[in-house]
Each structure stands twice: as structure tokens, then as C-alpha cells.
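Open the model in your viewer and keep the sequence panel beside it. We will go stop by stop, selecting a few residues each time.

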Amino acid sequence: MYVSTAFSNAYLKTIDEKIYSPPSHYSYLISLTQLGDDEKHTYESAVKSLFEENINTYTMTKAAAEQMIHEEAKDIPAAIFRPSIGEFSETFEFKNPISNLVQS
């Protein structure tokens, strides 16, 4: 079970219960982490492009992780859970957040 977010595909107007191809393939994101120091220009232009394609890094990585699970976990049972954002109010107390979350 992979816990994602209902906002993993926030660039779409409607989100169904299916896997979408994100703007940035997960293998491309992994390849960026393997660039050497002499490839700083390539990295910087790639990052600039990523921010043009994606709303933020949180939703970008969640969408990429969903795609990776969909493509790589074909031989094992896998599920993706997309909860929506939790509720927050002014009365929420931070003294015991676990207790407050359980009571929500």
C-alpha cells in the first residue's frame, strides 16, 4: 500500500481513479540525481523546466512515485491510496495532535 495524495495530479481539472502519466517520468527525475558536478548547467535547466511543468515538488514526486509503482510493481499486489487533505480548524490543539487527529 502506497499512501499518495488526492492532489498528486493537481495539474488536471478532473482526477479519476486511475494512474496518470505525470509531466516528468520518474526515471528522468532519478537520472537528475546522478548528474556529476560538471553537468551543473544541465541540472539547472532541467530544474527550471520541471518547475514550469509541475505545480510543486510535493505533487511532482507523488505523481512520479505513483507512476513508478504502476510500472515496476506489475508482479506483486500493490495499491495506491489517495486521501484528501486533512481538516484543520482554529480549535485544533497542538498539545496532543495524535489524539486530535483520531477524534476528527
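A polar contact is a pair of N or O atoms within 3.5 Å. Keep that cut-off in mind for the second stop. One caution before we start: this is a predicted model.

**Stop 1: the whole chain**

Colour by secondary structure. You should find four helices and two strands. Follow the chain along its sequence, and the pattern reads β-α-α-α-β-α. Of the 104 residues, 24% count as buried. Now think about contacts between residues at least 6 apart in sequence. Among these, 71% join residues at least 24 apart.

**Stop 2: Glu66 and Ser4**

Select Glu66. Glu66 sits in helix α3, which covers residues 57-72. Is Glu66 buried or exposed? Glu66 is buried, because its relative accessibility is 1% and the cut-off for buried is under 20%.

Now add Ser4. Ser4 belongs to the loop between β1 and α1. Ser4 is buried too, with a relative accessible area of 4%. Show the side chains of both residues. A polar contact of 2.6 Å joins Glu66 and Ser4, so the pair falls within the 3.5 Å cut-off.

Widen the view around Glu66. Leave aside its neighbours within four places in sequence. Glu66 then has contacts that include Tyr2, Thr5, Ser8, Asn9 and Ile19. Do the same for Ser4, again without neighbours within four places. Its contacts include Lys62, Phe81 and Pro83. Ile80 and Arg82 appear in the list for Glu66, and Ile80 and Arg82 appear in the list for Ser4 as well.

**Stop 3: the salt bridges**

Side chains of opposite charge can pair when their charged atoms come close. How many salt bridges does the model hold? The count comes to two salt bridges.

Keep Glu66 selected and add Arg82. Their side chains meet in a salt bridge, 2.6 Å from N to O. This pair links distant parts of the chain, with Arg82 in the loop between β2 (80-81) and α4 (97-103) and Glu66 in helix α3, 16 residues apart. So Glu66 has a polar contact with Ser4 and a salt bridge with Arg82, and Glu66 counts as buried at 1% relative accessibility.

Next, select Glu44 and Lys40. They form a salt bridge, and their closest N and O atoms are 3.8 Å apart. Where do the two residues lie? Both are in helix α2, four residues apart, which is about one turn of the helix. Turn on the surface here. Glu44 is partly exposed, because its relative accessible area is 45%. Lys40 counts as exposed, because its relative accessibility is 54% and the cut-off is over 50%.

**Stop 4: Thr42 and Phe7**

Stay in helix α2, residues 40-53, and select Thr42. Thr42 counts as partly exposed, at 42% relative accessibility. Add Leu32 and draw a line between the C-alpha atoms. Thr42 and Leu32 are ten residues apart in sequence and 8.8 Å apart in space.

Now jump to Phe7, in the loop between β1 (2-3) and α1 (26-32). Phe7 is partly exposed, with a relative accessible area of 40%. Add Tyr58 and draw another C-alpha line. Phe7 and Tyr58 are 51 residues apart in sequence and 9.2 Å apart in space.

**Stop 5: the largest pocket**

Select Leu29, Leu32, Thr33, Tyr43, Val47, Leu50, Phe51, Met60, Thr61 and Ala64. These residues line the largest pocket. About 150 Å³ of space lies in this pocket. The elements that give two or more residues to its lining are α1, α2 and α3. Which element gives the most? Helix α2 does, with four residues. By class, the lining has eight nonpolar, two polar and no charged residues.

**Stop 6: the largest cavity**

Clear the selection. The model has one cavity of 30 Å³ or more. About 40 Å³ of space lies in the largest cavity. To find the largest cavity, select Ser8, Ala10, Tyr11, Pro23, Asn54, Ile55, Thr59, Met60 and Ala63, the residues that line it. Its lining divides into six nonpolar, three polar and no charged residues. Look at Met60 once more: Met60 lines the largest pocket, and Met60 also lines the largest cavity.

Key: Residues numbered from 1 in each chain as written. Predicted model: local features only at pLDDT ≥ 70, side-chain atom pairs only at ≥ 80, totals over all residues. Heavy atoms only, no water. Buried < 20%, exposed > 50% of the residue type's maximum accessible area, 1.4 Å probe, protein only. Polar contact = N/O pair within 3.5 Å; in protein donor to acceptor, adjacent residues only side chain to side chain. Contact = heavy atoms within 4.5 Å. 1 Å grid on protein atoms, 1.4 Å probe; cavity = no way out; pocket = protein on both sides within 12 Å on 5 of 7 lines; lining within 4 Å. Points joined across faces, edges and corners; volume = space filled by probe spheres on them. Nonpolar A, V, L, I, M, F, W, Y, C, P; charged D, E, K, R; others polar. Salt bridge = Lys/Arg side-chain N within 4 Å of Asp/Glu carboxyl O.
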